[in-house]
Amino acid sequence: MMKNIYFKFSLSLLVLLFSCSEEKIIGEDFGAIEGRVVSAVTFEPIANAKVFSNPGSSIVFTDENGKFSLPKVKVGQYSFEAQKENYISKFEAATVLINGSTSLVFELKLSTSDNKSPSSPVLVLPVDTAIDQNLQLDLSWTSSDPENDVLTYTISLRNDKNTNVLVYTDLKTTNFTLKDLTYSSTYYWQISVSDGVNPAVMSAVRSFKTKAFSNARFLFVRKINDNNVIYSGNESGEQLELSSLNTNSWRPRKNNTSNKIAFIRASGAQNHIYTMNSDGSSVFKVTNSIPVAGFNSDYINFSWNANGSQLIYPYFDKLYKINSDGSGLVQLYKTADGRFITECDWSNDSSKIALKVNDASGYNAGIYVINTAGIITNSVIDGTKGAIGGLHFSVNGQKIIYSRDVSEYESSSYRQLDSRVFQYQLGGSISSEIIVEKPNGTLDLDVRYSPNEAELIFTNTSNDGFSIKNIVKYNINTLLSRTILFSNASMPDWE
């Protein structure tokens, strides 16, 4: 009996020992698998890809870095698979070793990886370098795709007036109508095409030029952001931007003989005279060693001679003459009392120069006329308090028109309260006010004769110093005939 019990006990003990030994061996027959799933083209990680094996193991998904981990896989030979929607599944063989870690990298290709790119778009209309194009213009092009995929197009459009690039996207047809183009502008256009699979394919770049701006008799300046921008305009109110929004350019003056526009532009810490064609092209810097300078650059003026070969301009108390090609700089005149020359105008016959002078604060102002020898021949106004400005010779050089603040107010901000239009007849001694029906509380500034001298053009604005400025035309012989030509505009010229 005892012998039988002892045998059973020994048998049970062996079974128990055997069972414990077997569990330990099974526990050690595991290893780990880790790795990444990436794009076969860019090698960027692919997140949320499904990874599993054959024979079967746990199913895992990649994280945002394309990584996955299977920390407990039975030892043996496996085939692991990575799957992701729109990608071709990839298989990788792996051997799992006891307590070892095996690394895998799956490089997945898009399921459309054999798809071919569309052909490069061919630009059809307008033909390259076409001119005189309308401000509303049809573009057309061609492109094809080997698999007949649905194609979408993008137009990139820029011009020679500024750095802006217009982009028209998600176009499904091979034609598009451009609208609101600007006059006298060269445009550059390019088409890109995408089949939704491959990288976009670009066309060549082509250009066209819109038709010229007609009857642009007027020039003016408009403040945009922190820069003055020069525009031309016509009697219909149409406008053309001539200078870039990225530069500060002002005080345009047209010379019809040379068909050039001169203007002042900020150049670093200085202001210089530049010229350009009537469409804003071919900008040329005229002054270099001696800039335009004096009291308040907003009020400084310069003048052409009649044939457009020379310009005169102020530099504090001195007056300089320079050829329009930048050569021949000479000093013409210097004020005897040290007052600054702020404005100047050259008579049509080049025999006389009208000067407006003032002190460093803009006051103690006067207007007088000198001859070619620098001798004062006429004193138009002097010794009057308040602001004076905007002088302009008549065609025959016998009259000068200008504005004066009759309130005689003076302040550190150079604010004016009641600036009106006056005319001086050379040979006389009195200036007379020209009644132009000026609204109360406003200023008439920068007055100029029309080419036929039947009308005046000037800037009108509130005397509060903050309101917008408008350019007004006035018929001298017709009462109540003030007409706003251009709103939010100043510094007019009419040639």
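In which strand does Asp345 lie? In this predicted model, the answer is strand 28, which spans residues 340–346. Asp345 makes a good starting point for a tour of the structure. This acidic residue is buried, yet it has no salt bridge. The nearest side chain of opposite charge belongs to Arg448, 4.7 Å away; a salt bridge would need a nitrogen and a carboxyl oxygen within 4 Å, and therefore this pair does not count as one.

What, then, does the side chain of Asp345 meet through polar atoms? One partner is Ser303, whose side chain is joined to that of Asp345 by a polar contact of 3.5 Å. Another is the backbone of Phe393: its nitrogen lies 2.7 Å from a polar atom of the Asp345 side chain. Beyond the neighbours within four places in sequence, the contacts of Asp345 include Lys352, Ile353 and Ala354, and also Leu391 and His392.

Attention now turns to the nonpolar interior. In soluble globular proteins, nonpolar side chains tend to be buried together. Here, the largest nonpolar core has 45 residues. Those that touch the most other members are Trp141, Leu181, Trp189, Phe208, Ile273, Leu311 and Tyr313. Several strands each supply at least two residues of this core, among them strand 10 (137–142), strand 14 (186–194), strand 22 (270–277) and strand 25 (310–315). Tyr313 gives a closer view of such packing: leaving aside its neighbours within four places in sequence, its contacts include Ile273, Ile290, Val292, Phe302, Leu319, Tyr320 and Cys344. A second core, separate from the first, consists of 17 residues, including Ile33, Phe68, Phe106 and Leu108.

The backbone also has some features worth a look. Most residues other than glycine have a negative phi, and most peptide bonds are trans. Where are the cis bonds described here? One joins Asn54 and Pro55, with omega about 0 degrees, and Pro55 sits in the loop between strand 2 (50–54) and strand 3 (60–61). Another joins Leu125 to Pro126, with omega about -5 degrees; Pro126 is found in the loop between strand 8 (122–125) and strand 9 (130–133).

Positive phi values appear in loops too. Asn364, although not a glycine, has a phi of about 50 degrees. Its loop runs between strand 29 (352–358) and strand 30 (366–371), and Asn364 is partly exposed, with a relative accessible area of 43%. Glu453 likewise has a positive phi, near 65 degrees, and is placed in the loop between strand 36 (442–449) and strand 37 (455–462).

Terms used
Residues are numbered from 1 along each chain as its sequence is written. This is a predicted model: local features need pLDDT of at least 70, side-chain atom pairs count only at pLDDT 80 or more; totals for chains, interfaces and linings use all residues. Side-chain values use heavy atoms; hydrogens and water are left out. Helices (H or I, at least four residues) and strands (E, at least two) are DSSP runs, numbered from the N terminus. Buried means under 20% relative accessible area, exposed over 50%, partly exposed in between (1.4 Å probe, protein chains only). Lys and Arg count as positive and Asp and Glu as negative; His and the chain ends are not counted. A polar contact is a pair of N or O atoms within 3.5 Å; within protein, one must be able to donate a hydrogen and the other to accept it, and residues adjacent in sequence count only if both atoms are side-chain atoms. Contact means heavy atoms within 4.5 Å. A nonpolar core is a set of buried Ala, Val, Leu, Ile, Met, Phe, Trp, Tyr and Cys residues joined through side-chain atoms within 4.5 Å.
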